[in-house]
Amino acid sequence: MKVVDIRVFIPSKDYEVSKRFYQSLGFEMERASDDLSIFENNGSTFFLSRHYNEDVKTNLMLQLAVSDIDAVYENLSTLTDFDIKYQPIIVEPWGRVIYLTGPSGELWHITQFHPIEEES
């Protein structure tokens, strides 16, 4: 098997709010159907679904790897029109991370990995 891509379907409580939220984060949106949109940023994509499932939302965790977590944090601090929660940047052994709960309760681990050091 040769995997070409993997995409997640994110449920939304309020489809219109979630679409605006992800566009505010910097994703481009393409309509797939009345109930489904594809979001893309720099070749990374996911689906946003109009359908909501509490069990899926409760157990859904996603990691978004970024190159500049400080810029993401600054952008998040301007998004006052959304019911989201996030913590300040936390430093972990593997990188820096923001834990973000999106407008439908989905949990994002927004991560900037530490550069891999070459062994001498």
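**Helix H1, its neighbours and the core**

At the start of helix H1, a side-chain oxygen of Asp-14 comes to within 3.2 Å of the backbone nitrogen of Glu-16. That is read from a predicted model, as is everything below. Past the other end of H1 sits Gly-26, with a positive phi near 110 degrees.

In between, H1 has a buried set made up of Tyr-15, Ser-18, Lys-19, Phe-21 and Tyr-22. These residues lie on the same side of H1, because they cover an arc of only 160 degrees around the axis. As a general point, an α-helix has 3.6 residues a turn, so residues three or four places apart point the same way. The buried residues of H1 pack against S1, S2, S3 and S4, and also against S8 and S9.

As for the sheet, four strands make up an open one with mixed pairing, in the order S1-S4-S3-S2. Its edges are S1 (9–11) and S2 (28–33), each pairing on one side only. From one strand to the next, the twist averages 30 degrees. Strands S3 (residues 36–41) and S4 (residues 44–49) run antiparallel and are joined by six bridges; Ser-37, for instance, has Leu-48 in S4 as its bridge partner.

Then there's the largest nonpolar core, with 23 residues, where Ile-10, Phe-21, Tyr-22, Leu-76, Trp-108 and Ile-110 have the most contacts inside it. H1, S4, S5 (61–65), H3 (69–76), S8 (95–101) and S9 (107–113) each supply at least two residues of this core. Leaving aside residues up to four places away in sequence, Trp-108 touches Ile-10, Tyr-22, Leu-62, Gln-63, Leu-64, Ile-98, Tyr-99 and Leu-100.

Definitions and conventions. Residues are numbered from 1 along each chain as its sequence is written. This is a predicted model: local features need pLDDT of at least 70, side-chain atom pairs count only at pLDDT 80 or more; totals for chains, interfaces and linings use all residues. Side-chain values use heavy atoms; hydrogens and water are left out. Two strands pair if DSSP finds at least two bridges between them. Axes are lines fitted to C-alpha atoms, for helices over the stretch in contact, and angles run from 0 to 180 degrees between N-to-C directions. A nonpolar core is a set of buried Ala, Val, Leu, Ile, Met, Phe, Trp, Tyr and Cys residues joined through side-chain atoms within 4.5 Å. Buried means under 20% relative accessible area, exposed over 50%, partly exposed in between (1.4 Å probe, protein chains only). Contact means heavy atoms within 4.5 Å. The arc is that of the directions from the helix axis to the C-beta atoms. A polar contact is a pair of N or O atoms within 3.5 Å; within protein, one must be able to donate a hydrogen and the other to accept it, and residues adjacent in sequence count only if both atoms are side-chain atoms.
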